[in-house]
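Grab a viewer and work through these short exercises. Each one sets a task and then walks through a solution.

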Amino acid sequence: MDALLLELLTDLKAAARLGHPEALETALDAVRALDDSDLPPTALVPLGRALELAPASVLRPLQTDPDPAVRALAAVGLAGHYLLGKNATPEDLLIPADDPNPEVRAALVKRLTHAEKGSQPATSSRLAPLVEAGLRAASPILQQTALLLLPFSDPQAGPLVEALLPFPTQTDKDLREALLTCLNTLAEGQHAQTVLTLLNAWAQQPDPPTWVITRTLSAGWAQDHSPSAL
């Protein structure tokens, strides 16, 4: 992290510790003033973790901020509260999970699924409500986020097959890409056989989703399951 971002991180931490909305707004104005080139997506999670020091009540209004970078930082901050079982709810996180800006959603997913220094990723019990609500939602964006979180929620094989069976019928390109990422992440973990069961079920359909099947089987994990994959 360069000097500018380190200074910004220090200011955000100080303002978050105070917990005063005006102090935080002053620090966030510095975020809003940055050009996109000065604030790479990789900086959003480290900066957002500074906001975990602020009360959730101060962070919630930031989820509708016009600046997507500020929304991303708020999403990370609220995710930190949620992981610690503080005053953030699944409903709080469904807002950034449905954000139209992909960088906001990516920051949220990364905070929930990857352990940062000094933190832990979400447990399956914390992720399950988000995944279940997202998969049932009418919003393709919210469904995308749920698919990216699903492999980290320690899913059961039976419910997993039932939950994912309808998704290849979707025509939304981003949703299909999220499904592909979900399937490959599952297969690379503990669920390769479940993924193969899903692919076989889709292959038996009158109009099989060839793109999803072939792209999934082109990943490296399939080499360890050659007979079934073939």
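**Exercise 1.** Leaving aside its neighbours within four places in sequence, which residues is Thr194 in contact with?

Before solving, some ground rules: this is a predicted model, where local features need pLDDT of at least 70, side-chain atom pairs count only at pLDDT 80 or more, and totals for chains, interfaces and linings use all residues. Residues are numbered from 1 along each chain as its sequence is written, and side-chain values use heavy atoms, with hydrogens and water left out.

*Solution.* Start with the location: Thr194 sits in helix H12, residues 192-203 (helices are DSSP runs of H or I, at least four residues, numbered from the N terminus). Next, look for contacts, meaning heavy atoms within 4.5 Å. Beyond the sequence neighbours, Thr194 touches Ala157, Leu160 and Val161. Last, check exposure: Thr194 has a relative accessible area of 11%, so it is buried (under 20% relative accessible area, with a 1.4 Å probe and protein chains only).

**Exercise 2.** Find what covers the buried residues of H12.

*Solution.* First pick out the buried set: Ala192, Thr194, Val195, Leu196, Leu198, Leu199 and Trp202. Then look at what lies over them: the cover includes helices H10 (157-164), H11 (173-188), H13 (210-217) and H14 (226-229).

**Exercise 3.** Work out which residue caps the N-terminal end of H7.

*Solution.* Locate H7 at residues 102-113. Now look for the cap: Asn101 places a side-chain oxygen 2.8 Å from the backbone nitrogen of Glu103. To finish, list some buried residues of H7, among them Val104, Arg105 and Leu108; the buried residues pack against H3, H5, H6, H8 and H9.

Technical notes: Helix = DSSP H or I, 4+ residues; strand = E, 2+ residues; numbered from the N terminus. Buried < 20%, exposed > 50% of the residue type's maximum accessible area, 1.4 Å probe, protein only. Expected span 1.5 Å × (residues − 1). Polar contact = N/O pair within 3.5 Å; in protein donor to acceptor, adjacent residues only side chain to side chain.
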